[in-house]
Amino acid sequence: MLHYVTTNEGKVAEAASYLGESVGQVDFDYTEIQSDDLGRIAAHGAREAYRHTVASQTRRADGSAADVGDAVLVDDAGLFVDALGGFPGPYSSYAEDTLGVERVWRIAEKEENRKAAFRCVLAYCDGEPFAASPDPVDRDDRVAAAATGAERDAEETEPLPVKLFEGVVRGRLVAPRGEGGFGYDPIFEHDGKTMAEMSTEEKNAISHRGRALAKFGEWFAER
Ligand code: IMP
């Protein structure tokens, strides 16, 4: 079973539409570390979510071994506005909560260049090793583990392997239009339509998340 870990129902709908019934939502609010790198944020979240998922399964299973084959997928995304040096980027969620989407548009509206990109990084963890988890992510996790100062055995201080998949879509910011989607969708236009004017399938076909899911799906099928 693949657990899509998020509190955002919009993300689950898109992932389910892409990956089918093999995906279930885990409503777990993992720690979003402060970083300007979506990959690091997602990788940290995936490790925490995996530990959480395995721990809850162990509790449910009367102390019997957890099913390490179960996998988690964490998704971190952001809106990067060219004229604002990539802001809000990794702080997109904070900007949405504090300013709101409408005000982000009003800030961007003053700029001549309204080009922007949505980026999404998916982080996959199933507790098993595989090739090519980016080294800086692993190094960070090791430093974080060491910083706790706690006595740990060798297995615990080894970071859990995480595999990352990135998707990007470029577009431009416009005055809000459309009723669908979520977050910044109403102000992000691609090929003449805002993402809030697209069906889930249309959005998945061109979106940052859809592109990351496509890469993930291809790799996961092999796995
Ligand atoms: P997070 O990945 O859940 O941290 O999302 C970061 C911010 O980007 C939140 O404000 C989301 O609402 C927004 N966001 C993430 N994905 C999308 C998307 O596909 N469309 C529009 N907004 C998004």
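**The ligand site and its pocket**

In this predicted model, 16 residues surround the ligand, and those that come nearest are Lys 11, Ala 77, Glu 96, Asp 185 and Lys 203. Sorted by class, the shell around the ligand comes out at 4 nonpolar, 4 polar and 8 charged residues.

A few polar contacts can be picked out. Lys 11, one of the nearest residues, places a polar side-chain atom 2.7 Å from an oxygen atom of the ligand. Lys 203 is also on that list, with an N or O atom of its side chain 2.8 Å from a ligand oxygen. For Glu 32, the distance between a side-chain N or O atom and an oxygen atom of the ligand is 3.1 Å. As for coverage, the ligand taken alone would expose 480 Å², and the protein buries 92% of that area.

And where does the ligand sit? The space it takes up is the largest pocket. Three elements give two or more residues each to the shell around the ligand, namely β3 (71–81), α3 (92–98) and α8 (208–222). Turning to the pocket itself, β3, α3 and α8 each supply at least two residues of the lining too.

The largest pocket holds about 510 Å³ of space. Its lining is made up of 25 residues, and Asn 8, Lys 11, Ala 77, Ser 93 and Phe 182 are the closest to the pocket centre. Lys 11 and Ala 77 thus turn up both here and among the residues that come nearest to the ligand. The lining splits into 8 nonpolar, 8 polar and 9 charged residues.

Two details of the backbone round off the picture. One is a cis peptide bond between Phe 87 and Pro 88, with omega at about 0 degrees. Pro 88 is in the loop that runs between β3 and α3, and those two elements are among the ones that contribute to the ligand shell. The other concerns Asp 191, which has a positive phi of about 55 degrees despite not being a glycine. Asp 191 belongs to the loop between β6 (188–190) and β7 (193–194).

Key: Residues numbered from 1 in each chain as written. Predicted model: local features only at pLDDT ≥ 70, side-chain atom pairs only at ≥ 80, totals over all residues. Heavy atoms only, no water. Near = heavy atom within 4 Å. Polar contact = N/O pair within 3.5 Å; in protein donor to acceptor, adjacent residues only side chain to side chain. Areas by Shrake-Rupley, 256 points an atom, 1.4 Å probe, with all protein chains shown as cover. 1 Å grid on protein atoms, 1.4 Å probe; cavity = no way out; pocket = protein on both sides within 12 Å on 5 of 7 lines; lining within 4 Å. Sits in = over half its atoms within 2 Å of the grid points. Helix = DSSP H or I, 4+ residues; strand = E, 2+ residues; numbered from the N terminus. Nonpolar A, V, L, I, M, F, W, Y, C, P; charged D, E, K, R; others polar. Points joined across faces, edges and corners; volume = space filled by probe spheres on them.
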